[in-house]
Amino acid sequence: RKQTLRVKRRDGSFQTIEKLRGFINYERNPEPYRKPLERILDWGELNPTPTNEEYHTMTERKVQAARCMDCGTPFCQTHTGCPVNNLIPEWNNLVYNEQWRDAIDRLHKTNNFPEFTGRVCPAPCEGSCVAGLVDGPVTIKNIEYAIVDKAWREGYITPRIPKERSGMTVAVIGSGPAGLAAADELNQMGHKVTVYERADRVGGLLMYGIPNMKLEKDTVDRRVNLLREEGIEFVTNADIGKNVDVNEVRSTYDALCLTVGATKPRDLPIPGRDLKGVHFAMEFLTLNQKRLLMTSEGNLESNWEKGSYITAAGKDVIVIGGGDTGTDCIGTSMRHRCKSCTNFELMPQPPMERANDNPWPQWPRVFGVDYGHAEVMAVFGKDPRIYSVMTKEFLGDEDGNLKALVTQDVDITPSGPVAIEGSEREFPCDLAVLSMGFVSPEDYITKELDLETDQRNNIHAGYGDFRTSLEGVFAGGDCRRGQSLVVWAINEGRGVAKAADEYLQHKREEENSDYEQFGAFANLSSITPP
(Lines give C-alpha, C1' and ligand atoms only; values in the text may rest on other atoms or scores of the structure.)
Protein backbone atom coordinates (compact mmCIF):
# COMPACT_ATOMS: atom_id res chain seq x y z
CA ARG A 1 0.00 0.00 0.00
CA LYS A 2 1.35 3.43 -0.96
CA GLN A 3 2.19 5.58 2.04
CA THR A 4 0.73 9.08 2.22
CA LEU A 5 3.47 11.72 2.57
CA ARG A 6 2.75 14.53 4.98
CA VAL A 7 4.50 17.90 4.94
CA LYS A 8 4.53 20.88 7.25
CA ARG A 9 2.11 23.73 6.66
CA ARG A 10 2.20 27.33 7.86
CA ASP A 11 0.02 26.49 10.85
CA GLY A 12 2.56 23.92 12.03
CA SER A 13 0.45 20.88 11.20
CA PHE A 14 1.68 18.01 9.03
CA GLN A 15 -0.75 17.05 6.28
CA THR A 16 -0.76 15.67 2.75
CA ILE A 17 0.32 17.99 -0.08
CA GLU A 18 -2.59 19.74 -1.78
CA LYS A 19 -2.87 22.55 -4.31
CA LEU A 20 -6.31 23.99 -3.54
CA ARG A 21 -4.92 26.44 -0.98
CA GLY A 22 -1.31 26.26 -2.15
CA PHE A 23 0.37 29.53 -1.25
CA ILE A 24 -1.92 29.91 1.79
CA ASN A 25 -0.74 26.62 3.26
CA TYR A 26 2.94 26.67 2.23
CA GLU A 27 5.63 29.30 2.61
CA ARG A 28 7.98 30.30 -0.20
CA ASN A 29 11.20 28.31 0.17
CA PRO A 30 13.69 29.05 -2.62
CA GLU A 31 16.59 26.66 -3.00
CA PRO A 32 19.60 28.43 -1.46
CA TYR A 33 23.05 28.71 -2.99
CA ARG A 34 25.90 26.73 -1.49
CA LYS A 35 27.39 28.39 1.58
CA PRO A 36 29.62 31.40 0.70
CA LEU A 37 32.72 30.19 2.56
CA GLU A 38 32.43 26.83 0.81
CA ARG A 39 31.79 28.00 -2.75
CA ILE A 40 34.56 30.63 -2.92
CA LEU A 41 37.07 27.79 -2.68
CA ASP A 42 36.12 26.46 -6.11
CA TRP A 43 34.71 27.46 -9.50
CA GLY A 44 31.73 25.11 -9.30
CA GLU A 45 28.19 26.36 -9.72
CA LEU A 46 26.61 28.35 -6.91
CA ASN A 47 23.56 26.12 -6.97
CA PRO A 48 23.67 22.98 -4.87
CA THR A 49 24.02 19.51 -6.37
CA PRO A 50 22.10 16.43 -5.15
CA THR A 51 24.96 15.72 -2.72
CA ASN A 52 24.58 19.10 -0.95
CA GLU A 53 22.26 19.52 2.03
CA GLU A 54 20.79 22.68 0.47
CA TYR A 55 19.49 20.72 -2.54
CA HIS A 56 15.70 20.49 -2.61
CA THR A 57 14.06 17.07 -2.62
CA MET A 58 11.39 16.17 -5.15
CA THR A 59 8.86 16.49 -2.33
CA GLU A 60 9.89 20.09 -1.65
CA ARG A 61 9.71 20.88 -5.36
CA LYS A 62 6.16 19.53 -5.41
CA VAL A 63 5.27 21.70 -2.40
CA GLN A 64 6.70 24.81 -4.08
CA ALA A 65 4.86 24.00 -7.33
CA ALA A 66 1.64 23.66 -5.31
CA ARG A 67 1.96 27.35 -4.37
CA CYS A 68 1.18 28.30 -8.01
CA MET A 69 -2.55 29.00 -8.12
CA ASP A 70 -3.07 28.85 -11.92
CA CYS A 71 -4.26 32.47 -11.96
CA GLY A 72 -6.96 33.59 -14.35
CA THR A 73 -4.53 36.21 -15.64
CA PRO A 74 -1.01 34.86 -15.07
CA PHE A 75 1.07 38.04 -15.08
CA CYS A 76 4.20 35.89 -14.78
CA GLN A 77 3.95 34.95 -18.46
CA THR A 78 2.85 38.34 -19.82
CA HIS A 79 4.97 41.28 -21.01
CA THR A 80 5.50 42.35 -17.39
CA GLY A 81 6.98 38.96 -16.54
CA CYS A 82 8.68 36.39 -18.74
CA PRO A 83 9.99 37.80 -22.06
CA VAL A 84 9.60 34.41 -23.79
CA ASN A 85 6.08 33.97 -22.34
CA ASN A 86 6.88 30.69 -20.63
CA LEU A 87 3.74 28.66 -19.87
CA ILE A 88 4.56 28.86 -16.18
CA PRO A 89 1.24 27.82 -14.55
CA GLU A 90 1.05 24.84 -16.90
CA TRP A 91 4.45 23.38 -16.10
CA ASN A 92 4.12 24.22 -12.41
CA ASN A 93 0.95 22.11 -12.38
CA LEU A 94 2.72 19.30 -14.24
CA VAL A 95 5.52 19.30 -11.65
CA TYR A 96 2.92 19.17 -8.88
CA ASN A 97 1.40 16.13 -10.61
CA GLU A 98 4.89 14.65 -11.09
CA GLN A 99 4.53 14.66 -14.88
CA TRP A 100 8.11 15.71 -15.53
CA ARG A 101 8.33 14.61 -19.18
CA ASP A 102 5.25 16.65 -20.07
CA ALA A 103 6.70 19.55 -18.08
CA ILE A 104 9.87 19.73 -20.21
CA ASP A 105 7.75 19.56 -23.36
CA ARG A 106 5.72 22.57 -22.22
CA LEU A 107 8.87 24.41 -21.17
CA HIS A 108 10.53 23.83 -24.55
CA LYS A 109 7.44 25.19 -26.35
CA THR A 110 8.56 28.72 -25.54
CA ASN A 111 12.14 28.49 -24.25
CA ASN A 112 14.92 26.91 -26.29
CA PHE A 113 17.43 26.87 -23.44
CA PRO A 114 15.81 26.63 -19.98
CA GLU A 115 19.08 25.33 -18.50
CA PHE A 116 20.57 28.76 -19.27
CA THR A 117 17.69 30.95 -18.11
CA GLY A 118 17.12 28.72 -15.06
CA ARG A 119 20.62 29.69 -13.92
CA VAL A 120 21.32 33.24 -15.10
CA CYS A 121 17.93 34.94 -15.51
CA PRO A 122 17.00 37.41 -12.73
CA ALA A 123 13.46 35.99 -12.94
CA PRO A 124 11.19 38.94 -13.84
CA CYS A 125 8.43 36.32 -13.78
CA GLU A 126 8.73 36.14 -9.99
CA GLY A 127 8.54 39.93 -9.74
CA SER A 128 5.14 39.82 -11.43
CA CYS A 129 3.81 36.66 -9.75
CA VAL A 130 0.29 37.30 -8.44
CA ALA A 131 1.10 35.49 -5.20
CA GLY A 132 3.77 38.15 -4.66
CA LEU A 133 1.03 40.74 -4.10
CA VAL A 134 0.25 39.32 -0.67
CA ASP A 135 3.08 36.86 0.01
CA GLY A 136 6.36 35.58 -1.40
CA PRO A 137 6.14 34.72 -5.12
CA VAL A 138 6.32 31.17 -6.43
CA THR A 139 9.89 29.84 -6.84
CA ILE A 140 9.49 29.79 -10.62
CA LYS A 141 13.20 29.93 -11.47
CA ASN A 142 14.03 26.96 -9.22
CA ILE A 143 11.20 24.90 -10.70
CA GLU A 144 12.25 25.77 -14.25
CA TYR A 145 15.78 24.53 -13.69
CA ALA A 146 14.56 21.44 -11.83
CA ILE A 147 12.47 20.50 -14.88
CA VAL A 148 15.30 20.80 -17.39
CA ASP A 149 17.90 19.31 -15.05
CA LYS A 150 15.77 16.20 -14.51
CA ALA A 151 15.02 16.04 -18.24
CA TRP A 152 18.73 15.87 -19.10
CA ARG A 153 19.39 13.29 -16.37
CA GLU A 154 16.48 11.08 -17.39
CA GLY A 155 17.24 11.27 -21.11
CA TYR A 156 14.06 13.15 -22.03
CA ILE A 157 16.04 15.62 -24.18
CA THR A 158 17.18 13.96 -27.41
CA PRO A 159 18.12 15.23 -30.89
CA ARG A 160 15.16 16.33 -33.02
CA ILE A 161 16.24 15.81 -36.62
CA PRO A 162 14.04 17.80 -39.04
CA LYS A 163 12.10 15.41 -41.27
CA GLU A 164 12.13 17.71 -44.28
CA ARG A 165 14.61 20.26 -45.60
CA SER A 166 13.61 23.41 -47.44
CA GLY A 167 16.72 23.67 -49.58
CA MET A 168 17.30 27.20 -48.26
CA THR A 169 20.44 28.23 -46.39
CA VAL A 170 20.93 30.72 -43.54
CA ALA A 171 24.05 32.16 -41.95
CA VAL A 172 23.80 33.28 -38.31
CA ILE A 173 26.57 35.62 -37.15
CA GLY A 174 27.19 35.27 -33.42
CA SER A 175 26.59 32.26 -31.19
CA GLY A 176 25.28 33.90 -28.04
CA PRO A 177 21.78 33.15 -26.74
CA ALA A 178 20.08 35.11 -29.55
CA GLY A 179 22.14 33.41 -32.26
CA LEU A 180 21.66 29.93 -30.82
CA ALA A 181 17.90 30.46 -30.45
CA ALA A 182 17.61 31.73 -34.03
CA ALA A 183 19.70 28.82 -35.32
CA ASP A 184 17.64 26.27 -33.36
CA GLU A 185 14.33 27.62 -34.64
CA LEU A 186 15.49 27.95 -38.27
CA ASN A 187 16.92 24.45 -38.24
CA GLN A 188 13.67 23.00 -36.95
CA MET A 189 11.87 24.90 -39.73
CA GLY A 190 13.91 22.84 -42.19
CA HIS A 191 16.53 25.34 -43.31
CA LYS A 192 20.26 24.59 -43.44
CA VAL A 193 21.89 26.75 -40.77
CA THR A 194 25.53 27.70 -40.32
CA VAL A 195 26.54 29.67 -37.22
CA TYR A 196 29.71 31.78 -37.31
CA GLU A 197 31.50 32.65 -34.06
CA ARG A 198 34.58 34.85 -33.80
CA ALA A 199 35.84 33.23 -30.59
CA ASP A 200 37.44 29.80 -30.36
CA ARG A 201 34.37 28.29 -28.67
CA VAL A 202 30.65 28.44 -29.33
CA GLY A 203 28.39 30.24 -26.86
CA GLY A 204 29.30 33.93 -26.98
CA LEU A 205 28.23 35.59 -23.73
CA LEU A 206 27.22 32.20 -22.33
CA MET A 207 30.73 30.81 -22.76
CA TYR A 208 33.00 33.74 -21.93
CA GLY A 209 30.83 36.52 -20.47
CA ILE A 210 29.10 34.61 -17.67
CA PRO A 211 31.51 33.03 -15.17
CA ASN A 212 31.60 29.33 -14.44
CA MET A 213 30.05 29.60 -10.96
CA LYS A 214 26.83 30.94 -12.50
CA LEU A 215 26.76 28.73 -15.59
CA GLU A 216 29.07 25.75 -15.99
CA LYS A 217 30.51 25.52 -19.49
CA ASP A 218 29.74 21.81 -19.73
CA THR A 219 26.10 22.89 -19.65
CA VAL A 220 26.66 25.17 -22.65
CA ASP A 221 28.64 22.53 -24.55
CA ARG A 222 25.95 19.92 -23.89
CA ARG A 223 23.29 22.04 -25.62
CA VAL A 224 25.60 23.09 -28.46
CA ASN A 225 26.49 19.43 -29.12
CA LEU A 226 22.77 18.62 -29.27
CA LEU A 227 22.27 21.39 -31.85
CA ARG A 228 25.15 19.93 -33.88
CA GLU A 229 23.49 16.51 -33.83
CA GLU A 230 20.31 18.14 -35.09
CA GLY A 231 22.13 19.45 -38.16
CA ILE A 232 23.44 22.92 -37.31
CA GLU A 233 26.98 23.65 -38.44
CA PHE A 234 29.24 25.80 -36.27
CA VAL A 235 32.31 27.65 -37.53
CA THR A 236 34.58 29.14 -34.84
CA ASN A 237 37.46 31.65 -35.13
CA ALA A 238 35.44 33.30 -37.91
CA ASP A 239 35.40 37.05 -37.24
CA ILE A 240 32.97 38.14 -39.93
CA GLY A 241 33.96 41.52 -41.29
CA LYS A 242 37.61 41.00 -40.37
CA ASN A 243 39.07 37.61 -41.31
CA VAL A 244 35.95 36.61 -43.27
CA ASP A 245 34.32 38.88 -45.88
CA VAL A 246 30.76 39.64 -44.77
CA ASN A 247 29.60 40.34 -48.34
CA GLU A 248 30.90 36.96 -49.43
CA VAL A 249 28.96 35.31 -46.60
CA ARG A 250 25.83 37.23 -47.57
CA SER A 251 26.11 36.18 -51.22
CA THR A 252 26.64 32.53 -50.25
CA TYR A 253 23.46 32.15 -48.20
CA ASP A 254 19.80 32.83 -48.87
CA ALA A 255 19.47 34.88 -45.66
CA LEU A 256 21.79 36.43 -43.10
CA CYS A 257 20.93 36.85 -39.40
CA LEU A 258 23.01 39.22 -37.29
CA THR A 259 23.02 38.37 -33.59
CA VAL A 260 26.38 39.85 -32.68
CA GLY A 261 25.47 41.28 -29.29
CA ALA A 262 26.28 44.68 -27.81
CA THR A 263 29.94 44.23 -26.95
CA LYS A 264 31.23 47.81 -26.99
CA PRO A 265 31.69 48.68 -23.29
CA ARG A 266 30.99 52.05 -21.72
CA ASP A 267 34.34 53.64 -20.88
CA LEU A 268 35.41 55.97 -18.07
CA PRO A 269 37.55 58.69 -19.69
CA ILE A 270 39.08 60.31 -16.62
CA PRO A 271 42.72 61.13 -15.71
CA GLY A 272 44.77 57.96 -15.26
CA ARG A 273 42.54 55.76 -17.43
CA ASP A 274 45.60 54.39 -19.28
CA LEU A 275 47.34 53.14 -16.11
CA LYS A 276 48.18 49.46 -15.86
CA GLY A 277 45.52 47.81 -13.72
CA VAL A 278 42.40 49.43 -15.20
CA HIS A 279 40.39 46.90 -17.23
CA PHE A 280 36.95 46.41 -18.72
CA ALA A 281 34.78 43.78 -17.02
CA MET A 282 34.52 41.54 -20.08
CA GLU A 283 38.29 41.60 -20.51
CA PHE A 284 38.70 40.45 -16.91
CA LEU A 285 35.97 37.77 -17.06
CA THR A 286 36.85 36.40 -20.51
CA LEU A 287 40.56 35.91 -19.79
CA ASN A 288 39.72 34.23 -16.50
CA GLN A 289 37.27 31.86 -18.17
CA LYS A 290 39.76 30.98 -20.91
CA ARG A 291 42.34 30.13 -18.26
CA LEU A 292 39.83 27.94 -16.41
CA LEU A 293 38.92 26.07 -19.58
CA MET A 294 42.56 25.44 -20.45
CA THR A 295 43.29 24.23 -16.92
CA SER A 296 40.26 21.92 -16.90
CA GLU A 297 41.47 20.37 -20.15
CA GLY A 298 44.84 19.55 -18.62
CA ASN A 299 46.88 22.26 -20.31
CA LEU A 300 49.79 23.58 -18.28
CA GLU A 301 49.91 27.21 -17.26
CA SER A 302 52.86 27.69 -19.61
CA ASN A 303 50.44 27.25 -22.51
CA TRP A 304 48.75 30.58 -21.85
CA GLU A 305 50.34 33.98 -21.70
CA LYS A 306 50.68 35.08 -18.09
CA GLY A 307 50.90 38.68 -19.23
CA SER A 308 47.37 38.55 -20.63
CA TYR A 309 45.80 36.93 -17.56
CA ILE A 310 44.35 39.50 -15.16
CA THR A 311 44.64 38.33 -11.57
CA ALA A 312 43.06 39.87 -8.50
CA ALA A 313 45.14 37.77 -6.10
CA GLY A 314 46.41 39.83 -3.16
CA LYS A 315 45.06 43.07 -4.65
CA ASP A 316 42.73 45.83 -3.52
CA VAL A 317 39.98 45.44 -6.12
CA ILE A 318 37.39 48.08 -6.93
CA VAL A 319 34.54 47.20 -9.29
CA ILE A 320 33.02 50.34 -10.79
CA GLY A 321 29.37 49.69 -11.65
CA GLY A 322 26.74 47.33 -10.34
CA GLY A 323 24.41 44.90 -12.03
CA ASP A 324 24.97 41.24 -12.84
CA THR A 325 28.33 41.84 -14.54
CA GLY A 326 29.63 43.81 -11.57
CA THR A 327 28.60 41.00 -9.24
CA ASP A 328 30.37 38.47 -11.50
CA CYS A 329 33.56 40.54 -11.25
CA ILE A 330 33.25 40.59 -7.46
CA GLY A 331 32.75 36.81 -7.34
CA THR A 332 35.70 36.22 -9.64
CA SER A 333 37.94 38.48 -7.53
CA MET A 334 36.95 36.62 -4.39
CA ARG A 335 37.96 33.30 -5.95
CA HIS A 336 41.31 34.85 -6.89
CA ARG A 337 41.83 35.60 -3.15
CA CYS A 338 41.83 39.38 -3.44
CA LYS A 339 43.05 41.50 -0.52
CA SER A 340 39.86 43.57 -0.47
CA CYS A 341 36.87 44.15 -2.73
CA THR A 342 34.78 47.30 -3.05
CA ASN A 343 31.91 48.07 -5.42
CA PHE A 344 31.00 51.61 -6.50
CA GLU A 345 27.45 52.39 -7.60
CA LEU A 346 26.46 55.74 -9.05
CA MET A 347 22.83 55.48 -7.98
CA PRO A 348 21.61 55.72 -4.35
CA GLN A 349 20.83 52.58 -2.35
CA PRO A 350 17.46 51.13 -3.40
CA PRO A 351 14.62 50.98 -0.85
CA MET A 352 13.95 47.79 1.12
CA GLU A 353 10.40 47.61 -0.29
CA ARG A 354 8.76 48.77 -3.51
CA ALA A 355 8.52 52.55 -3.86
CA ASN A 356 5.21 54.17 -4.85
CA ASP A 357 6.47 54.67 -8.40
CA ASN A 358 7.46 50.98 -8.68
CA PRO A 359 4.17 49.08 -8.26
CA TRP A 360 3.50 45.41 -8.88
CA PRO A 361 3.75 43.81 -11.48
CA GLN A 362 6.81 45.85 -12.47
CA TRP A 363 10.25 44.46 -11.73
CA PRO A 364 10.87 45.31 -8.04
CA ARG A 365 13.70 47.85 -7.76
CA VAL A 366 14.54 46.99 -4.17
CA PHE A 367 17.67 46.35 -2.16
CA GLY A 368 19.03 42.83 -2.47
CA VAL A 369 22.16 40.84 -1.75
CA ASP A 370 23.52 38.93 -4.74
CA TYR A 371 25.98 36.05 -4.52
CA GLY A 372 29.12 38.20 -4.88
CA HIS A 373 27.99 40.61 -2.17
CA ALA A 374 27.27 37.70 0.19
CA GLU A 375 30.75 36.29 -0.40
CA VAL A 376 32.46 39.60 0.43
CA MET A 377 30.32 39.92 3.56
CA ALA A 378 31.21 36.37 4.63
CA VAL A 379 34.97 36.93 4.21
CA PHE A 380 35.47 40.62 5.04
CA GLY A 381 32.45 41.22 7.28
CA LYS A 382 30.84 44.08 5.35
CA ASP A 383 28.82 44.82 2.24
CA PRO A 384 31.18 45.83 -0.60
CA ARG A 385 28.82 48.42 -2.08
CA ILE A 386 29.27 52.15 -1.76
CA TYR A 387 26.36 54.13 -3.23
CA SER A 388 26.02 57.59 -4.77
CA VAL A 389 29.68 57.81 -5.72
CA MET A 390 31.56 58.53 -8.94
CA THR A 391 35.21 58.01 -9.78
CA LYS A 392 37.08 61.25 -10.45
CA GLU A 393 40.67 60.12 -11.08
CA PHE A 394 42.95 57.08 -11.19
CA LEU A 395 46.30 57.50 -9.40
CA GLY A 396 49.44 55.60 -10.41
CA ASP A 397 52.99 55.03 -9.23
CA GLU A 398 56.20 55.97 -11.04
CA ASP A 399 56.03 52.77 -13.12
CA GLY A 400 52.56 53.49 -14.47
CA ASN A 401 50.77 50.99 -12.23
CA LEU A 402 47.42 51.80 -10.65
CA LYS A 403 47.74 52.37 -6.89
CA ALA A 404 44.60 54.31 -5.88
CA LEU A 405 41.60 56.21 -7.14
CA VAL A 406 39.80 59.36 -6.08
CA THR A 407 36.02 59.57 -5.80
CA GLN A 408 33.34 62.18 -5.27
CA ASP A 409 29.92 61.70 -3.75
CA VAL A 410 27.01 62.64 -6.01
CA ASP A 411 23.42 63.78 -5.81
CA ILE A 412 21.04 62.34 -8.39
CA THR A 413 18.97 65.16 -9.88
CA PRO A 414 16.41 65.19 -12.73
CA SER A 415 19.19 66.39 -15.04
CA GLY A 416 21.64 63.69 -13.94
CA PRO A 417 24.28 63.10 -11.24
CA VAL A 418 25.86 66.22 -9.71
CA ALA A 419 29.18 65.96 -7.85
CA ILE A 420 29.24 67.27 -4.28
CA GLU A 421 32.11 69.71 -3.78
CA GLY A 422 34.58 68.78 -1.03
CA SER A 423 33.45 65.13 -0.87
CA GLU A 424 36.61 63.69 -2.42
CA ARG A 425 37.93 60.42 -0.98
CA GLU A 426 40.92 58.29 -1.89
CA PHE A 427 40.73 54.48 -2.01
CA PRO A 428 43.73 52.16 -2.36
CA CYS A 429 43.32 50.16 -5.57
CA ASP A 430 45.58 47.78 -7.54
CA LEU A 431 42.86 46.55 -9.90
CA ALA A 432 39.92 48.62 -11.16
CA VAL A 433 37.27 46.79 -13.17
CA LEU A 434 34.92 48.90 -15.29
CA SER A 435 31.46 47.34 -15.26
CA MET A 436 29.26 50.17 -16.49
CA GLY A 437 27.32 48.37 -19.17
CA PHE A 438 27.57 48.29 -22.94
CA VAL A 439 26.71 51.08 -25.34
CA SER A 440 26.27 49.35 -28.70
CA PRO A 441 27.47 46.57 -31.00
CA GLU A 442 30.90 46.90 -32.56
CA ASP A 443 30.34 48.60 -35.89
CA TYR A 444 32.63 46.92 -38.43
CA ILE A 445 29.93 44.60 -39.80
CA THR A 446 27.40 47.43 -39.78
CA LYS A 447 29.73 49.70 -41.75
CA GLU A 448 30.77 46.98 -44.20
CA LEU A 449 27.13 46.25 -45.05
CA ASP A 450 26.17 49.96 -44.84
CA LEU A 451 23.26 49.15 -42.53
CA GLU A 452 21.06 51.80 -40.99
CA THR A 453 21.51 52.29 -37.23
CA ASP A 454 19.41 54.00 -34.58
CA GLN A 455 20.41 56.91 -32.36
CA ARG A 456 22.27 54.56 -30.03
CA ASN A 457 24.21 52.96 -32.91
CA ASN A 458 22.28 49.71 -32.64
CA ILE A 459 21.31 48.01 -35.88
CA HIS A 460 17.98 49.47 -37.01
CA ALA A 461 15.32 46.76 -37.34
CA GLY A 462 11.79 46.97 -36.00
CA TYR A 463 10.76 44.64 -33.19
CA GLY A 464 8.52 41.91 -34.58
CA ASP A 465 9.87 42.45 -38.08
CA PHE A 466 13.64 42.26 -37.47
CA ARG A 467 14.43 43.25 -41.09
CA THR A 468 17.38 45.57 -41.51
CA SER A 469 17.76 48.14 -44.28
CA LEU A 470 19.32 45.43 -46.48
CA GLU A 471 17.18 42.77 -48.14
CA GLY A 472 17.62 39.31 -46.70
CA VAL A 473 19.54 40.58 -43.66
CA PHE A 474 17.91 40.37 -40.23
CA ALA A 475 19.08 41.51 -36.80
CA GLY A 476 18.06 40.64 -33.25
CA GLY A 477 19.27 40.43 -29.69
CA ASP A 478 21.42 43.04 -27.98
CA CYS A 479 22.77 44.37 -31.30
CA ARG A 480 19.22 45.49 -32.13
CA ARG A 481 17.57 46.27 -28.76
CA GLY A 482 20.66 47.22 -26.73
CA GLN A 483 22.15 45.51 -23.69
CA SER A 484 19.55 43.28 -22.07
CA LEU A 485 18.87 39.89 -20.47
CA VAL A 486 19.64 36.41 -21.80
CA VAL A 487 15.92 35.67 -21.83
CA TRP A 488 15.28 38.74 -24.02
CA ALA A 489 18.04 37.54 -26.36
CA ILE A 490 16.23 34.19 -26.70
CA ASN A 491 12.97 36.05 -27.38
CA GLU A 492 14.64 38.08 -30.13
CA GLY A 493 16.42 35.08 -31.60
CA ARG A 494 13.09 33.31 -31.96
CA GLY A 495 11.61 36.43 -33.55
CA VAL A 496 14.50 36.73 -36.01
CA ALA A 497 13.99 33.10 -37.02
CA LYS A 498 10.29 33.63 -37.66
CA ALA A 499 10.94 36.73 -39.78
CA ALA A 500 13.74 35.03 -41.73
CA ASP A 501 11.57 31.95 -42.30
CA GLU A 502 8.79 34.07 -43.80
CA TYR A 503 11.32 35.71 -46.10
CA LEU A 504 12.82 32.36 -47.12
CA GLN A 505 9.44 30.81 -47.84
CA HIS A 506 8.51 33.74 -50.05
CA LYS A 507 11.90 33.57 -51.79
CA ARG A 508 11.51 29.84 -52.41
CA GLU A 509 8.02 30.32 -53.82
CA GLU A 510 9.35 32.97 -56.20
CA GLU A 511 12.20 30.71 -57.31
CA ASN A 512 9.82 27.79 -57.86
CA SER A 513 7.46 30.03 -59.79
CA ASP A 514 10.29 31.26 -62.00
CA TYR A 515 11.38 27.69 -62.66
CA GLU A 516 7.87 26.58 -63.55
CA GLN A 517 7.50 29.51 -65.91
CA PHE A 518 10.91 29.49 -67.59
CA GLY A 519 12.77 26.39 -66.45
CA ALA A 520 11.68 24.02 -69.23
CA PHE A 521 12.50 26.57 -71.93
CA ALA A 522 15.54 28.20 -70.38
CA ASN A 523 17.99 26.80 -72.95
CA LEU A 524 15.88 27.07 -76.09
CA SER A 525 17.50 30.34 -77.18
CA SER A 526 20.86 28.60 -77.43
CA ILE A 527 19.58 25.88 -79.73
CA THR A 528 20.64 26.44 -83.35
CA PRO A 529 17.76 25.89 -85.78
CA PRO A 530 18.34 23.14 -88.35
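In the predicted model, one open sheet consists of 5 strands that pair in parallel, in the order E5-E4-E3-E6-E18. Strand E5 (233-235) and strand E18 (473-475) form the edges of this sheet; each has a single partner strand, so one side of each is left without a neighbour in the sheet. Averaged over neighbouring strands and with direction ignored, the turn of one strand against the next is 20 degrees. At the E18 edge, the pairing partner is strand E6 (residues 255-258), and the two strands are joined in the parallel sense over 3 bridges. Within this pairing, Cys 257 has Phe 474 of E18 as its bridge partner.

A further open sheet of 5 strands, also with parallel pairing, follows the order E8-E16-E9-E10-E11. Its edges are occupied by strand E8 (278-280) and strand E11 (385-386), each of which pairs on one side only. The pairing between strand E10 (residues 340-344) and E11 is parallel and comprises 2 bridges. Here Asn 343 is placed opposite Arg 385 of E11. Helix H13 (residues 281-296) packs on this sheet, where it touches E8 and strand E16 (431-434). The direction of H13 makes about 80 degrees with that of E8. Helix H14 (residues 323-335) lies across three strands, namely strand E9 (316-320), E10 and E16. Relative to E9, helix H14 runs at about 170 degrees.

Internal space was examined next. The structure contains 2 cavities of 30 Å³ or more, and the largest cavity encloses about 100 Å³ of space. A total of 15 residues line the largest cavity; those closest to its centre are Cys 82, Asn 86, Cys 121, Cys 125 and Glu 144. Three helices each supply at least two residues of this lining: H4, helix H7 (124-127) and helix H8 (140-154). The greatest share of the lining comes from H8, which gives 3 residues.

Helix H4 (residues 88-96), one of the contributors to the cavity lining, also includes Asn 92. The relative accessibility of Asn 92 is 0%, and the residue therefore counts as buried, the cut-off for this class being under 20%. When neighbours within four places in sequence are set aside, Asn 92 is in contact with Ala 65, Cys 68, Val 138 and Ile 143.

The cysteine residues were then considered with respect to disulfide formation. With a disulfide taken as a pair of cysteine sulfur atoms within 2.5 Å, the count comes to 0 disulfides. For Cys 76, the closest cysteine sulfur belongs to Cys 68 and lies at 6.3 Å, which is too far for a bond. Cys 68 is also among the residues in contact with Asn 92. For Cys 129, the closest cysteine sulfur is that of Cys 76, and the separation of 6.4 Å is likewise too far for a bond. Cys 76 is buried, as its relative accessible area is 8%. Cys 129 likewise counts as buried, at 8% relative accessibility.

Methods: Residues numbered from 1 in each chain as written. Predicted model: local features only at pLDDT ≥ 70, side-chain atom pairs only at ≥ 80, totals over all residues. Heavy atoms only, no water. Buried < 20%, exposed > 50% of the residue type's maximum accessible area, 1.4 Å probe, protein only. Helix = DSSP H or I, 4+ residues; strand = E, 2+ residues; numbered from the N terminus. Contact = heavy atoms within 4.5 Å. Pairing = 2+ DSSP bridges. Axes fitted to C-alpha atoms, helices over the stretch in contact; angles between N-to-C directions. 1 Å grid on protein atoms, 1.4 Å probe; cavity = no way out; pocket = protein on both sides within 12 Å on 5 of 7 lines; lining within 4 Å. Points joined across faces, edges and corners; volume = space filled by probe spheres on them.
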